[in-house]
Structures are given as structure tokens and as C-alpha cells.
Amino acid sequence: MNRFLWPWLFAILIAGSYEYFSGQYVPPNAIYLSGILIPWFIALFVLCKCYHRKVSNEWEVTWSSAILSFPFLLYFFERTIFLCHRLPIQYADLVAIVLKILGKSVVTYVDPLSMNACAAVADQAGWKSISIALEKTSPGIVVGLVLMALLFTANIKSWERRFIFFFSCTGVIIVWSAVKVAGSILLYVGTKWIASFWNPICEIALFIPISILLALLTKVTVTGQGAKAFPVLPQKFLKANVLTLFTFFIFILLNYYIPLGSRVNGKVLLDDFHSNWEWSKVDFGRDSYGERATYSANAYRQLLQKYWTVDVNSNVSLDAIPLSDYKVIILKTPTKPYSNKEKSALLSYARSGGSLYLLGDHTNLFGMSTYLNVIAKESGLEFEFNDQFDLTTQDTTKPEYSFLWNHPISSHLARLTFLTSCTLKCPLGSDIITGRGMGVEPVDYSHVHFFGNIKVDPDENWGAFVQMASVFYGKGQVMAFADSTCISTFCIYDDCKPSLAIAAVDFLNRNYVHGEVWQWMRSRSWWLVALIGFVFLLAPIRPGILVPVSAFVAILFVLGLSNINYTQFPLPIRFANKAICFDSSLSGARIARMLDNSNEAINDDHVYDMWFLNFLRLGYEPYYDNPLRLDGFPKLRVIIHPQSAALTESRKQKLLHDIKSGQKYIILCELSSVSEREMIEKILTACNVSFYFKDVLIDKASESSWSIVINGDSECLTVNAENGEKFEIIRVKIGDGELTLLNGCEIFNRKSLGPIYNATTKRQRSLCEVEYAIIRYCFHDGSLSTIKERALEVVAD
Amino acid sequence: MLLAGISFLVLNLQIQDNLYFSTAAVFLGSALVPTTLQAMTIWVIFPKILNRFFPQLSILIEWISNWFSHILALTIGSEITLGSTFLGVQQLWLCVFFIAISIRKINYLVAALGGFMVIWTSAIVYANALADPWLAVLINAFKVNVGISVLGLGLGQIASYFPLCGFGVAAIMFALAVNKMQLGSFLPSVRIISKRQLIVSALIGGCLYLIPWLRYINVVNDNARICFVDSKWINFHSPAFDTKGVANSGMFGLLERALVSSGYSVSHVSKAVELDAEKCDVAIIINPDTVSADDQIAFDRFLSSGKSALVLGDHTDLGGIKGTLDRLLGRYGASFRFDSAFPVSASWDWKFSSLLHPFTSHLGTSNERLQQGTGASIALQSLDWLPIISGNYVFSDAGNRLNKADAYLGNYQYEPGELLGNLPILVEKTFSKGGHLIVFGDTSAFQNLAIAHSWPFIISVIRYCTGSAVVPQWVVVIFSGLGSFIFLAAVFRMNSANNVFISIGLIASMMGSQIIAKHSKIYYPKGDLVAFDLYTPSKITLDHWRDRSIDGAIINCFRNGTWPILQYSSLPIENTKIMFIISPVAVISQSRSKQILERVSNGMALVLGIGGESATFCRNILSPLNCQVKDIPLGPVPIRGSSSGNDFLLARFQPQFSKAAPIITNDTEWKDIYSWNGYSIIAQRRYGLGKIVIIADDQFLWDKTLEAEKDGWQGNINLLSRIISGDFDE
């Protein structure tokens with residue numbers, strides 16, 4: 001019995017650990033990796049022992065080779081099974097039967113909003129609605145066990161018994177998964193501990209009993225089959241094995257290779273006619289504040305214009321303009337519906353080779369998901385009426401990319417923070433960005449902006465969801481992105497959002513020859529999986545080292561395709577002549593979570609988003625690092641709250657080389673911080689600048705103010721205005737470049753300048769004027785005296 | 001063996017009814033094949049059975065635990081207070097003892113007791129001194145918050161459950177050791193029992209197991225005179241129109257109102273000394289502000305004369321009540337702790353166990369009927385008391401004298417040194433002339449906010465108090481002793497017949513308690529009742545302070561002079577004037593819809609709080625009435641946009657919806673009560689002698705829209721009041 005039990009226990013442990021290691025629900029950590037590696041190494045040991053002695057039992061070879069290949073095969077769940085959430089109502093009925101046996105009153109129904117099958121479970125505090133969704137069954141373990149059953153059939157010679165074994169195992173697994181869901185529900189109803197639904201220890205523990213049942217089934221089926229060491233299979237079986245492998249590789253090719261057509265650099269049309277939100281033609285200058293200016297798509301349009309010709313349609317129905325003049329049409333945040341004629345025109349345009357880029361947002365805001373779905377659904381995409389957040393922290397989310405494969409677009413998005421998106425439904429293999437560890441709640445029209453409570457409830461969904469997807473439609477493409485706030489002026493230059501904006505349009509701005517055929521085959525590649533399973537059952541893969549090796553090669557194949565995706569899709573080349581690059585690796589300042597309205601976030605003195613955005617108000621392009629990989633030196637590099645520990649020797653040499661070659665730097669610092677003084681000391685010493693720090697007591701108090709004195713050629717301004725503004729600016733010329741120090745920079749942080757989309761107080765505006773003067777001074781377009789004048793003009797609120 | 005260990009763990013989870021059911025099933029299933037496993041399982045469950053005959057056993061074991069903890073504290077030189085009760089120790093204590101005794105070998109007994117003491121000592125020291133540092137070590141080792149993130153457990157839970165697992169593992173190991181000793185040789189051989197034996201053992205088992213009920217045979221008095229002893233810490237206000245917010249709805253006014261309308265005569269005295277046994281049958285003393293020596297004497301005289309008293313206290317010496325209550329109860333061997341009893345997990349659901357008792361039959365396992373909030377635990381110094389309801393896995397959160405602003409409450413978190421385990425929260429003492437003294441460490445269940453939820457429990461307590469015990473206590477003790485002896489004899493003469501006997505006993509007990517619970521009538525106050533339908537699955541919750549709570553709607557029913565009830569069954573309740581169905585999530589069947597409409601045609605009013613989505617589930621009611629609620633989200637109607645402060649204040653007197661949807665009717669019978677921009681949002685029609693009102697917003701009656709903890713929307717309160725009082729009928 002034990003020899004049949006262990007493999008199933010290993011399978012549960014590996015599949016459960018993988019589900020969590022891949023971050024489907026909670027952030028991955030090393031404990032989950034050990035849950036995969038320990039059984040894997042035991043299996044490796046067993047298989048090596050079998051091969052070494054050459055007289056081993058066939059079962060040991062089968063299970064150890066299956067376990068060895070198991071983690072590799074689980075990888076293919078990430079873009080398939082883990083993205084599925086809904087289950088048929090019949091499954092909910094099955095769970096209800098289990099709950100009824102356990103003495104609970106339960107009623108099943110389909111929730112009209114989320115379309116989830118749900119069970120309402122009665123306790124004395126009322127009814128608890130609980131969605132019976134795939135994530136509650138531990139899909140990794142359930143489908144993983146089915147996969148193991150399939151792999152174990154390699155040990156059974158008669159095909160009839162293989163079928164019986166496989167389908168009886170599958171039946172047991174499905175029924176047990178219903179028992180498991182019922183168990184989780186009881187645990188939740190009893191304890192109100194919602195994490196019990198995804199807690200890995202609960203999940204794995206609830207599946208352990210099934211290993212006994214499966215081991216019994218295995219024992220009954222496998223015993224009596226005759227044990228032979230490494231059986232030589234008939235020739236026809238070997239052919240079948242080759243066919244299975246070939247089919248598997250076709251499946252991978254269809255879903256993991258992204259064909260890129262030829263770049264055409266056609267014109268882009270931004271549609272404002274249907275959108276009374278994210279306006280494309282709202283000026284964003286030095287006096288542009290407030291919601292309309294910061295929430296506009298003006299900066300987005302201007303960024304696109306640096307690459308392509310961009311027209312804005314503000315007042316004409318889309319069926320009245322020659323759409324074929326454009327290669328990409330961006331339908332963003334519609335707040336009124338498209339007419340039937342417009343819909344026909346747009347779909348006909350896409351079928352004949354044009355690209356549609358649909359930008360929606362959370363919770364059917366202003367009805368935009370409803371309006372976009374009229375077009376999106378025709379191509380198989382759909383904006384769902386929901387919003388999303390981090391499952392464990394209720395914060396905004398960052399997509400966790402796969403460690404093996406990336407879409408050409410997502411390969412350029414190493415760091416991307418969503419604000420709040422909805423989720424997308426899309427055909428198999430068409431996902432571009434997938435978020436994991438997300439909680440998703442349906443629209444609530446009673447709340448502001450239709451958000452729910454931004455907290456996961458048991459009748460909602462969680463796990464992995466698609467946030468950006470693209471499908472071929474006719475000769476053209478339709479792409480959908482679920483968070484239009486990412487193109488807003490106030491955050492378009494945040495983290496990797498500029499890359500997202502450019503990569504998406506560049507991906508669409510191409511001609512595809514066989515896109516439609518590819519799409520047809522890709523969306524039907526599920527059948528290939530069924531075929532593989534069928535062939536497996538008819539003619540088993542030979543047990544042994546071949547299985548894990550094939551799985552490993554398949555993973556290498558995926559990795560290779562990912563690399564091809566990346567290398568064949570470089571971002572368009574452009575020079576960094578107006579770019580301002582914020583050097584995040586040397587800075588202690590944080591990238592802001594720009595829509596966080598909590599007191600903690602608003603008073604965060606290490607956030608400089610308004611300082612950053614003010615460069616845009618003056619017509620520059622402020623980037624965090626260099627997401628667009630622009631060529632040449634940026635116009636200015638910015639370091640805020642420099643971190644001494646981050647300045648390695650190689651980094652120091654690079655910085656020195658850049659400055660001497662003509663790069664301008666500005667460092668915003670607080671010299672009262674030891675770490676920042678150390679950093680400045682390191683840089684100036686490396687540049688051979690003579691200097692010393694000065695500690696000045698303020699107003700007899702114990703508080704002291706640090707400043708720096710440069711011996712030699714430099715310009716210096718100390719502002720100690722009566723209105724309380726104190727800062728110091730020193731500019732030193734080093735080689736062909738310049739280094740400007742701004743000591744006392746905290747008057748420019750978020751706490752002082754206010755939220756990025758709402759700078760309306762007089763003091764905040766006058767502080768922005770000081771910043772403008774400093775920026776102009778850095779570019780030799782202003783003087784220290786102007787800065788002082790502006791500083792003296794700062795008024796208190 | 002594994003099952004024996006699991007049984008032990010399950011036992012300690014205290015899932016009473018299911019436990020008896022499942023254990024009985026195990027016994028019956030294995031009745032024909034007696035094995036060591038059976039024997040082990042019986043031994044494990046035996047303490048539970050014994051506890052049933054002698055509920056005071058838990059008090060005794062608490063004393064032993066307390067004494068042992070004290071000795072341990074002196075031995076290790078720790079200044080901390082060690083837990084006095086601990087996690088089902090009583091079960092294991094007896095379990096080990098009886099296993100060892102039944103093996104009949106003194107060396108095994110010594111070894112078993114020694115092993116038990118080691119585990120017990122380790123567990124107490126662990127819970128009080130080591131759980132916290134170990135948790136810190138784990139967190140540091142794995143760089144993750146093991147307690148919260150991975151296991152989802154807090155310190156209190158870790159301190160409870162980890163030692164429990166230790167006991168479980170030890171029980172399994174012990175079972176394995178016993179098995180190795182070939183225990184089978186001590187057991188009789190297998191034999192199949194005859195039908196006659198089966199019937200006889202069933203009858204004897206069932207009868208024996210009902211012995212504990214002798215204690216509770218009581219003659220109630222439906223016209224009893226109830227007397228409240230007033231205190232400056234309490235008031236008898238009822239929800240009124242001039243106050244808003246569920247939390248501001250007064251304290252005990254509804255209790256008084258309900259007692260009067262239930263037929264009792266209610267009076268007030270200012271002090272306990274004024275209690276007169278000639279004029280009063282039941283005294284209710286809540287948070288007394290003073291208790292003098294005269295009060296003590298008068299109270300004692302009152303109880304000795306065969307009358308009953310219900311004493312309600314509160315947490316952490318609130319207003320100095322601990323002193324007054326202790327003076328009142330001290331002579332009987334009970335006192336309030338300076339603490340608040342909290343479960344180690346967030347909720348009281350499943351975290352209390354109750355003895356079989358006339359007033360616990362409606363309690364269930366969730367906190368819905370008990371409505372336990374923040375209350376004190378009760379320390380018992382006499383075996384005369386019965387711990388009717390005890391918290392399981394609760395800790396005694398020590399009060400903080402410095403926290404004056406917040407009623408001396410502690411930090412709401414278990415800290416090593418605090419009592420952790422089974423703490424009595426409701427206790428009873430029966431006096432020689434049949435009077436009862438019932439002491440409850442919390443007043444929440446009796447307050448206005450909770451009374452609609454807890455009424456079935458409260459009226460049972462009151463009715464029990466109005467009567468006096470019929471069977472003398474000495475008779476109960478004799479019968480219980482006899483029952484215990486028979487049970488012991490059955491256990492020691494282990495064979496199939498005895499297994500069946502025990503099984504049948506268990507089943508009889510369980511079924512008896514179920515039957516009593518299901519068929520004991522719930523008495524509602526006389527007058528108009530408003531039923532909130534909970535038979536239909538819906539989005540509302542009965543928890544307090546949630547967006548989806550219906551406390552606001554309940555309080556508004558009280559305000560309008562009706563009595564709200566929570567209706568769990570489809571059976572009609574007499575005197576129901578109005579029935580609310582709010583945001584259903586499952587289809588109301590045709591037969592039930594027909595039944596509801598029939599009741600409406602006989603004069604009941606039906607109020608449907610349904611939105612666009614939930615209306616589909618009411619189609620069987622709406623279709624015959626030619627009415628639909630369209631799934632068009634109108635949102636928070638009337639949509640006002642931003643407005644000035646004055647406009648907002650004025651708007652508060654107008655109705656405000658959350659998630660409205662339009663009502664479409666094809667029948668002139670329907671009359672619009674509220675419409676916005678041409679969309680009908682509330683409509684009403686007559687149906688037979690009754691009426692139907694549709695509020696096309698499934699969130700209108702939720703607390704978030706109507707009335708929440710501290711405030712309410714006046715316009716909605718007024719509108720609901722007019723609907724309840726029938727203002728729109730003509």
C-alpha cells in the first residue's frame with residue numbers, strides 16, 4: 001500500500017506548493033519551493049536507483065519519472081487552468097450535496113452579476129453566499145492529480161484498464177474536490193477566516209486523505225499487471241509516443257510563440273468623440289492643475305506623437321471618416337455608445353487589416369465596458385464588470401510575470417503598477433498581461449465609481465486574471481487593456497507605463513499575413529490537449545527517463561520562444577534629448593502609489609511625484625530610469641535622497657564617467673541625514689572636488705542644520721526666508737558635466753506639494769514656481785536670483 | 001488508533017450535536033466487530049458522558065488545574081499567572097486515568113499519569129512562557145509572519161491549538177502502546193447480539209441518558225411578577241424617533257416592553273432590599289450600583305423562599321459592578337473576574353458549549369441567539385453551581401485599571417499569563433425550595449440592539465426563572481450516580497451488546513435534545529409581529545455593524561411599535577403583520593410564493609426589498625402581479641451631485657437610495673410611492689386583504705442605507721415608518 005501512497009502524496013505536495021510558488025494567491029516564498037524540490041529529489045533518487053540496479057520494479061520507474069516531469073508540466077497551467085474561474089452550476093450542486101450530508105442547509109444559484117455558481121449556506125447568522133469557483137477547488141492540485149493519473153497509466157498494459165483507471169481516478173478526484181470545497185466552506189462558516197480558502201496548509205491538508213483512496217485504486221489496478229524492468233514497447237507504441245510529443249510541441253508553438261508581422265508605422269487615430277474622460281487635447285502646462293488636466297490623455301498623445309503621426313477625432317462619427325487611412329485606432333474610455341454603423345465600420349476596418357486598441361477601466365465606469373464590449377465581444381474579448389486589488393494587502397497590484405515566458409509587450413514591462421483595472425475574458429493563448437494574487441469584486445452601482453468594499457468576500461473571485469489581451473481579427477488585430485488610468489497624464493511617465501504605451505501601439509502597427517489562421521488554430525488548441533490525453537490512454541508513453549526529459553525539453557522550448565518574442569520586438573529607437581531620468585537605484589525616494597489617498601500616503605515625505613510631474617509641465621519627458629531605452633544622454637539625471645549603500649564602485653565609476661562626458665545631474669538631498677552626506681562625500685571625492693560639511697545650530701535649539709561648502713569654482717545660493725522656506729543650491733562643474741545639489745529638498749515632497757492631481761493651494765503653486773526656477777537654472781535658462789525671488793514669494797496657506 | 005486520536009481532537013473542538021451523532025455512528029458501525037479501536041474510542045468519550053451526569057466535574061477539574069498551575073508557578077519561580085483551565089484537560093485527564101485503570105496494571109497507571117503530567121506541564125509552560133518567543137523564532141527563521149500569513153493564526157490560537165495537537169499526538173501514541181499490549185486479551189470475545197438484547201439495551205441506554213433532564217423539570221408560571229432592581233448604570237429607554245443610530249437605541253427598554261406584552265407584570269425597585277417575595281416571583285438585577293449588607297440579607301431571603309433571580313453583570317468592573325456583584329453572590333461561591341472573556345479567534349461562533357438545559361435548546365452553535373459580546377467570565381468556588389454555558393478556547397483578557405476612557409478594558413489580545421481554556425459565562429444554582437439563581441457575565445443579549453436576535457433564548461431563561469424545580473437535587477445526584485455506575489460497568493464489560501447500548505444511549509440523548517430543541521415552542525410578545533424572512537437565501541447578514549446588516553430595519557420596526565422576528569422556517573408565525581424579503585439570492589419556489597401570496601390575501605403586508613438582479617429570484621411572486629423590476633442600474637437615486645452643506649442637511653430629510661432599479665407594472669392596481677425621473681422606485685398595491693410593497697433597491701433596508709451604528713438617513717427612516725404604519729394605503 002505504501003508504495004502506491006507516496007507518489008500521490010508527493011503529487012499533492014508538489015502541485016499544492018507549485019500553485020503557491022507561482023504566486024496564484026499569496027506572494028511566493030522559499031517554503032513552497034522546498035515543497036516542490038524535496039519530493040522531486042526523492043523521485044530522482046528512486047529513478048537513479050532503478051536504473052543503477054537495472055532490475056527495478058516497473059511501478060517505481062513509472063511514478064518516479066512521472067514525479068520528475070510533474071513540476072515542468074505544471075508550468076503549463078499558468079496560462080490555462082489558473083486563468084479559469086467559473087464552474088458549472090452542477091458542480092455547485094455536488095458541493096451542496098456534500099454540505100447537506102454534513103447537516104447544512106444549502107441552496108445553489110448563479111449570481112446574476114458575477115455569473116459565478118454560488119452556494120448559499122445557512123447558519124444562524126443568516127445566509128452566507130459563497131462562490132463555487134475553480135480557485136476554491138485548488139485547481140493546481142485537482143488538475144495536477146488528474147495529470148498524475150494520466151502519467152501513471154503508463155504502468156498499465158491493457159488499454160481498457162488504462163481507461164478505467166484514469167476515469168475512476170478522475171471521478172474520485174472531482175468528487176473529493178467537492179468534499180474539499182465543502183470542508184473549506186464549513187471552516188469559513190465556523191471561523192469567518194476567509195484565508196482558509198487559499199491558505200496553502202489548509203489546501204494541502206484537505207487533499208491528503210484522497211491519496212489513500214487513489215493509492216487503493218492504483219493498487220487494485222496496477223497489481224497483477226506483471227512487473228518488468230524497462231519494458232520494450234512495440235513499435236506502434238513508440239510511434240504513438242512520437243505523435244504525442246509532436247502534438248504537445250505544436251500546442252506550445254501555437255500558444256507561446258507570438259507572430260510579429262512587418263512594422264508599417266502607420267497613422268494612429270485617438271477617438272475622443274465618444275469619450276468625455278481622459279481628454280486627449282487638454283493642455284498640460286505650468287499652470288495646469290486639477291482633475292481635468294491631470295486625468296487627461298494629453299501626455300499620452302504627445303508621447304505617441306514622438307513615434308507616429310497621431311490624429312484626434314473630437315467631433316465626427318467614426319463611420320464618417322476614412323478609417324483605412326489609419327493603422328491603429330485607439331478607442332479609449334468611451335462614455336457614450338457606438339452606433340451600429342460605427343460598430344460595422346470599425347469591425348470591417350479591423351477585418352481588412354486595421355488594429356483596434358480598446359482602453360477600458362474598472363467597474364463599467366461611465367458605462368465604458370458596456371460600450372467597448374459591443375466591439376470587443378465580436379473578437380472574443382470582453383471587459384468584465386469588476387474591479388481588482390491585491391488579495392492579501394487590498395492594495396493596487398503589480399503583474400507578476402512568468403519566470404519562463406513573456407509576451408513581446410510584457411517583456412518590456414519589468415516594473416508596472418496598475419491603478420485599478422477590471423479583468424478581461426479572452427480566448428486561450430491571447431493574454432498579454434496576467435495579474436496574480438488578485439481579489440476581484442463585481443461592480444457595485446451603489447458606491448462611488450462603482451467600487452465594492454475593496455476587500456475580498458467569499459462570493460467573489462481571486463487568483464490570476466488577464467488584464468491585457470490581444471486577438472487576431474480578420475487581417476487585423478483587436479487589443480484590450482483594462483486600466484485606462486495608466487494613460488493619464490499624471491501617471492503616464494510612472495514606472496514602465498511609457499514602454500507599455502509605445503510597445504502596445506508598436507505591436508498593433510504591423511501587418512500580419514496569417515494572423516487569422518493562427519488565431520483559429522490557437523483558440524482550438526484545447527483539442528490538441530484532449531488528443532494528447534487520448535493518445536496517452538491508447539498507447540502509453542514509455543515510462544522512464546524519457547518522460548521528464550521530454551517535459552524538460554518542452555520547458556526549454558517555451559524559454560526559447562520567449563527569447564524569440566523578446567528579441568524580435570525591440571522598442572522603436574529614439575534619442576533622449578528631452579528626457580529627464582530619475583535614477584531609482586541610487587535614490588531613497590519611493591515611486592509613488594499615485595492614487596493612494598490615505599493619510600499615510602499623502603504625508604509620505606519620501607514621495608516626490610509632484611516634483612517629477614512638474615518636469616512634464618515644462619515640456620520635458622520625466623522617466624523613472626530609462627524604460628524606453630532611449631539612446632544618448634538624457635537632458636538631466638535626478639537622484640533624490642541618495643543612498644550611500646547603493647553606490648557600488650562600478651556604479652560610481654559609471655556616474656563619474658557620465659558627468660565628465662557632459663551629463664547633468666541634480667541631487668535632491670537632506671544633508672542632516674548621515675547616509676546622504678556619505679553619498680555626497682563619495683561622489684564629490686571621486687570627482688576631486690574639495691569641500692567640507694558645516695553644522696549650524698538653529699535658534700539656540702538642539703536641532704542643527706547641515707550645509708556644504710565647496711572650495712573652488714561653484715555657485716551657491718542659501719535661502720532662509722522668513723516664510724520658513726529653507727534650502728540650499730550648489731552647482732559644481734565637473735569635466736563637461738555639472739552636478740547640482742539641492743539641500744533641504746523636503747519642501748518639494750508630496751507632503752509639501754500635495755497630491756499630484758490636486759495642487760490648488762497658493763502655497764503649493766508658489767512652491768511649484770520655485771521648482772520651475774530651479775529646473776531652468778539647471779538648464780542655464782535662469783539664475784539663482786530668480787530662484788531666490790520665487791522662494792521669497794512662497795506664501796503660507 | 002488514528003481515529004482514536006482524531007476522536008480526541010474532535011472532542012476537544014466541542015462540536016456537540018454533530019459529535020454525538022458521529023460518535024454514535026462510529027459505535028453502531030463497529031458494533032458487530034469489537035476491536036481495540038472501539039474500546040479506545042469509548043474511553044475517549046467516557047469523560048464526556050460522565051460530565052453529562054455530573055456537570056460540576058468541570059468545576060472540580062478547574063480547581064485541580066488551578067492548584068497545579070499555582071504549584072508550577074511557584075516551582076519555576078515565574079511571576080506570571082498561569083492558566084487555571086486548559087483546553088480539554090478534563091477530558092484527557094479522565095481518559096488517561098480510565099485507560100490505565102481498565103488495563104488493571106498499576107505500573108501502566110503510574111506511567112500514564114506521569115506521561116500526562118509531563119505533557120500538561122509542558123503545555124502550560126508553553127502557553128504561558130514559550131509560545132511568544134517560539135513564534136518570534138519561527139518568524140525570524142522563515143522571514144515570514146508564520147502566525148498570521150501562513151497559518152492565519154494569532155498567538156492565542158497558537159497557544160491553544162499547538163498544545164492540543166500535542167495532546168492528540170500523545171493520545172495516539174498512548175493508543176498505539178496500549179494496542180501493543182494486546183489489549184484484546186482483556187476484552188470479551190466477539191458475539192452477535194440478539195434482537196431482545198438490542199431492544200433492552202436501547203431502552204436502558206436511552207432512559208439512562210435522559211437522567212440529567214431530571215434536574216431541569218420545572219413548572220413555569222405564565223403570569224409571574226417580575227421585578228427589576230434599578231441601577232444608575234442602566235436605562236430602560238426604547239428606540240425613539242428623536243435618536244438615530246442603532247447603537248443609540250437605549251438599553252433594556254425593549255426587554256421590559258416584551259415582558260409586559262408577554263403577560264408578565266413588571267415592577268421596579270431601587271435596591272435589592274426592597275425585594276418582596278410576596279409581590280415578586282423573579283428578580284432581575286443588572287449591573288447593580290450598590291449592594292449593602294441589608295441588600296445581601298434581603299436577596300438571600302428572597303431566594304430561600306423559592307423565588308428566582310437573574311443577575312446580569314458586565315466586563316472589567318465596569319462602574320465598580322464587580323464589587324457589588326461579588327458582595328451579592330459571594331456567599332454562594334461565585335464571583336466576577338476582572339476581565340473580559342474573548343475567544344481566541346474573532347467570533348464567538350462555535351466557541352461556547354452548553355449543557356442540555358431548557359433554555360439552551362434554541363441556542364445552536366453560532367452566537368446569533370446567545371449574542372455574547374464583551375462580558376466577564378465567572379469564577380466558581382462551590383460545586384453547587386452548574387456551568388450552563390462555558391466559552392471554549394476563550395481567554396480571560398485581564399482588565400486595565402489605567403484604561404479609564406475605555407471602561408478598563410484590556411488589550412483584546414491573549415498574552416501569556418492570562419487564563420486560557422474553558423471559562424463559565426452563564427451559571428446556575430438551584431436552591432432547596434426550587435428557586436433558581438442564574439448569573440450571566442454579559443448583558444448584551446438582553447439589550448435593545450440584540451433582543452430581536454436573542455429573544456428565543458431570553459424568553460426561555462425568563463420562563464425557566466418563573467418556575468421552580470420539581471425533582472429535588474438529592475434525587476438527581478442519586479440517579480446520576482446510578483447512571484454513571486451502569487455506564488462504568490458497561491465500559492468495563494466491553495462487548496457488542498454494550499457498544500450498542502452506549503450507541504443507542506448517545507443517539508437517544510442526541511435525538512432527545514434535538515426533539516426538545518425543535519419542538520419547544522418559542523413564545524413571542526403579543527401584538528403585531530414583523531417577520532424578516534431568512535428562509536430564503538439572501539445577501540443580508542445578521543452580524544452587527546456590517547453594511548449588509550439589518551439592525552437598522554429591526555430598530556425601525558421597534559420604533560413603530562411592532563416586534564421584529566427573524567423567521568428561519570417557511571411555516572407562518574401567528575400575528576405576523578408584515579413580512580420583509582430583502583435581497584434574495586435564490587429563487588423563491590412556486591409553492592412558497594403561492595403560500596406567501598395567500599397570506600397576503602389574508603391580510604399580511606409583504607415588503608420586497610429587491611433590486612434588478614434579485615428581482616429575478618422573486619419572479620414567482622411578481623409574475624402573477626404583472627410587475628417586473630428591470631435590471632437597469634439607476635444607482636444612488638436621486639443623484640444629487642456635489643452640494644453645499646445646507647443642501648445636504650435638507651437632503652437628509654428626503655429618501656436616498658443606494659442601488660435603485662426601475663419598476664415596470666402593467667396593472668393599474670399598482671400605485672407609485674416614490675419615483676425619480678419617471679422611473680418608479682417604490683410601488684404598492686393591494687392584494688386581497690393585504691398589500692404588497694416593492695422597494696426596487698435591494699440595499700435600501702441594509703444598515704448602510706437606512707441606519708447604521710451611529711447615524712441614520714432621516715428621509716429613509718421616515719419613509720420606512722410610513723410603509724410600516726400603512727400611510728400609503730389610501
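1. Which helix of chain A lies across β1 and β2 of chain A, and at about what angle to β1(A) does it run? In this predicted model, the element concerned is helix α4, residues 89–101 of chain A, and its direction makes about 170° with that of β1(A).

2. The sheet beneath this helix deserves a description of its own. Three strands of chain A form it, in the order β1-β2-β3; the sheet is open and the pairing antiparallel. Its edges are β1 (106–110) and β3 (126–131) of chain A, each of which pairs on one side only. From one strand to the next the twist averages 25°.

3. Within that sheet, the pairing of β2 (residues 117–123) with β3(A) is antiparallel and extends over six bridges. As a point of register, A:A119 stands opposite A:I130 in β3(A). Helix α6(A) also packs on the sheet, where it touches β2 and β3 of chain A, and its direction makes about 140° with that of β3(A). In general, strands of a sheet pair through backbone hydrogen bonds, in either a parallel or an antiparallel manner.

4. The nonpolar interior should be considered next. The largest nonpolar core comprises 206 residues, and those with the most contacts inside it are A:W198, A:Y300, A:Y357, A:W611 and A:I774. Helix α6 of chain A, spanning residues 159–191, gives the most to this core, with twelve residues. A second, separate core has 92 residues, among them B:L419, B:I555, B:F558 and B:A605. As a general matter, nonpolar side chains in soluble globular proteins tend to be buried together.

5. A:I774 illustrates the packing in the largest core. Residues up to four places away in sequence being left aside, A:I774 touches A:W611, A:I666, A:F727, A:I729, A:L742, A:F748 and A:I787.

6. Is A:A66 buried or exposed? This residue, which lies in helix α3 (residues 58–74) of chain A, has a relative accessibility of 2% and therefore counts as buried, the cut-off being under 20%. Apart from residues up to four places away in sequence, A:A66 touches A:M148, A:L151 and A:F152. Its C-alpha atom is separated by 45 Å from that of A:P572, a residue 506 positions away along the chain.

7. A:Y18, in helix α1 (residues 2–21) of chain A, counts as buried because its relative accessibility is 4%. With neighbours within four places in sequence set aside, the contacts of A:Y18 are A:I36, A:P71, A:L74, A:Y75, A:E78, A:F82 and A:F403. Between A:Y18 and A:A345 there are 46 Å from C-alpha to C-alpha, at a sequence separation of 327 residues.

8. At the interface, 27 residues of chain A are in contact with 38 residues of chain B. The two chains, A and B, bury about 2600 Å² between them, and 57% of this area is on carbon and sulfur atoms. The count of salt bridges between chain A and chain B is one. A:D444 and B:K704 form a salt bridge in which the closest N and O atoms are 3.9 Å apart.

9. Chain B, finally, contains 20 helices and 22 strands. Of its 730 residues, 58% are buried. Among contacts in chain B with a separation of 6 or more, 78% are accounted for by residues 24 or more positions apart.

Methods:
Residues are numbered from 1 along each chain as its sequence is written. Chains are lettered from A and ligands numbered from 1 in the order in which they are written. This is a predicted model: local features need pLDDT of at least 70, side-chain atom pairs count only at pLDDT 80 or more; totals for chains, interfaces and linings use all residues. Side-chain values use heavy atoms; hydrogens and water are left out. A nonpolar core is a set of buried Ala, Val, Leu, Ile, Met, Phe, Trp, Tyr and Cys residues joined through side-chain atoms within 4.5 Å. Buried means under 20% relative accessible area, exposed over 50%, partly exposed in between (1.4 Å probe, protein chains only). Helices (H or I, at least four residues) and strands (E, at least two) are DSSP runs, numbered from the N terminus. Contact means heavy atoms within 4.5 Å. Two strands pair if DSSP finds at least two bridges between them. Axes are lines fitted to C-alpha atoms, for helices over the stretch in contact, and angles run from 0 to 180 degrees between N-to-C directions. Buried area is the accessible area (1.4 Å probe) that two parts lose on being put together, summed over both. A salt bridge is a side-chain nitrogen of Lys or Arg within 4 Å of a carboxyl oxygen of Asp or Glu.
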